[in-house]
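Please walk me through this model in a viewer, one selection at a time. At each stop, say what to select and what is there.

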Amino acid sequence: MTYIKPLPEADKWSGPFFEGAREGKLLAQQCNSSKRFFFPPSPVSPVTRDGNWSWVELSGKGTISSFVVMHQKYFGGFGDEVPYPVIEVELEEGVRLLSSIVELGERELVVGMPVEVVFDKVTEEVTLPKFRPAA
């Protein structure tokens, strides 16, 4: 089956994030001086403004901090899923990222819902981190 949704294009800075996802790890950069995590990837720490940072594996656990429900078909690949939610997750480490929610079932999507990461291998090259309600 061919994956028809838009795919991210990894670059010099986001490459390690997507490599980690392929290995089932959720990664973010951490400032080595302040120990604060940051995302999206950047060449410098937003705290110290220097390149003294490391890629670190995150817990993959967090809560939904916001969400929207898309009612327009902006991309053909999502046509059969409209309306569909896009969530913002605040991870335990303080990093926020946008993603999809899966395995929602009959539960209502609410801000504050605990979630955990799952990895969806959408092509041979791309694995996307998505979230499901925490057990």
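**A salt-bridge network**

Begin with Glu 88, Glu 90 and Arg 96, which a network of salt bridges links together. The model is a predicted one, and every distance below is computed from it.

Select Arg 96 and Glu 88 and show their side chains: they meet in a salt bridge, with 3.1 Å from N to O. Now add Glu 90, whose side chain also meets that of Arg 96 in a salt bridge, here at 2.9 Å from N to O. Turn on the surface to see how these residues sit. Arg 96 is partly exposed, at a relative accessible area of 40%. Glu 88 has a relative accessible area of 22% and is partly exposed, and Glu 90, at 29%, falls in the partly exposed class as well. How many salt bridges does the count come to? The count comes to eight.

**Strand S7 and its partners**

Next, select strand S7, residues 114-121, and colour it. Add strand S4, residues 61-70: S4 and S7 pair in the antiparallel sense over three bridges. To find one of these positions, pick Gly 62, whose bridge partner in S7 is Val 115.

Then add strand S8, residues 127-133, which runs antiparallel to S7 and is joined to it by seven bridges. Lys 121 has Thr 127 as its bridge partner in S8. Follow the chain from S7 to S8 and you pass through a hairpin of five residues.

Stay with Lys 121 and add Glu 124. The two form a salt bridge in which the closest N and O atoms are 3.5 Å apart. Are they buried or exposed? Both Glu 124 and Lys 121 are exposed.

**Lys 130 in S8**

Move along to Lys 130, which is placed in strand S8. Lys 130 has a relative accessibility of 11%, so it counts as buried, the cut-off being under 20%. Which side chain does the side chain of Lys 130 reach in a polar contact? Show Asp 120: its side chain makes that contact, at 2.7 Å. Beyond neighbours within four places in sequence, Lys 130 is in contact with several residues, including Ser 99, Ser 100, Val 102, Glu 116, Val 117 and Val 118, and Asp 120 is also among them.

**Gln 30 in S1**

Go now to strand S1, residues 27-31, and select Gln 30 within it. Gln 30 is buried because its relative accessible area, 15%, is under 20%. Display the backbone of Lys 35 as well: its oxygen lies 2.9 Å from a polar atom of the Gln 30 side chain. With neighbours within four places in sequence left aside, the contacts of Gln 30 include Lys 35, Arg 36, Phe 37 and Phe 38. Trp 53, Ser 54 and Val 56 are also among its contacts.

**Ser 14, before H1**

For the last stop, select Ser 14, in the segment that precedes helix H1 (15-22). Ser 14 has a relative accessible area of 11% and is buried. Which residues does it touch, leaving aside neighbours within four places in sequence? Ser 14 is in contact with Glu 9 and Pro 41. Finally, draw a C-alpha to C-alpha distance from Ser 14 to Ser 45: they are 14 Å apart in space and 31 residues apart in sequence.

Conventions:
Residues numbered from 1 in each chain as written. Predicted model: local features only at pLDDT ≥ 70, side-chain atom pairs only at ≥ 80, totals over all residues. Heavy atoms only, no water. Helix = DSSP H or I, 4+ residues; strand = E, 2+ residues; numbered from the N terminus. Buried < 20%, exposed > 50% of the residue type's maximum accessible area, 1.4 Å probe, protein only. Contact = heavy atoms within 4.5 Å. Polar contact = N/O pair within 3.5 Å; in protein donor to acceptor, adjacent residues only side chain to side chain. Pairing = 2+ DSSP bridges. Salt bridge = Lys/Arg side-chain N within 4 Å of Asp/Glu carboxyl O.
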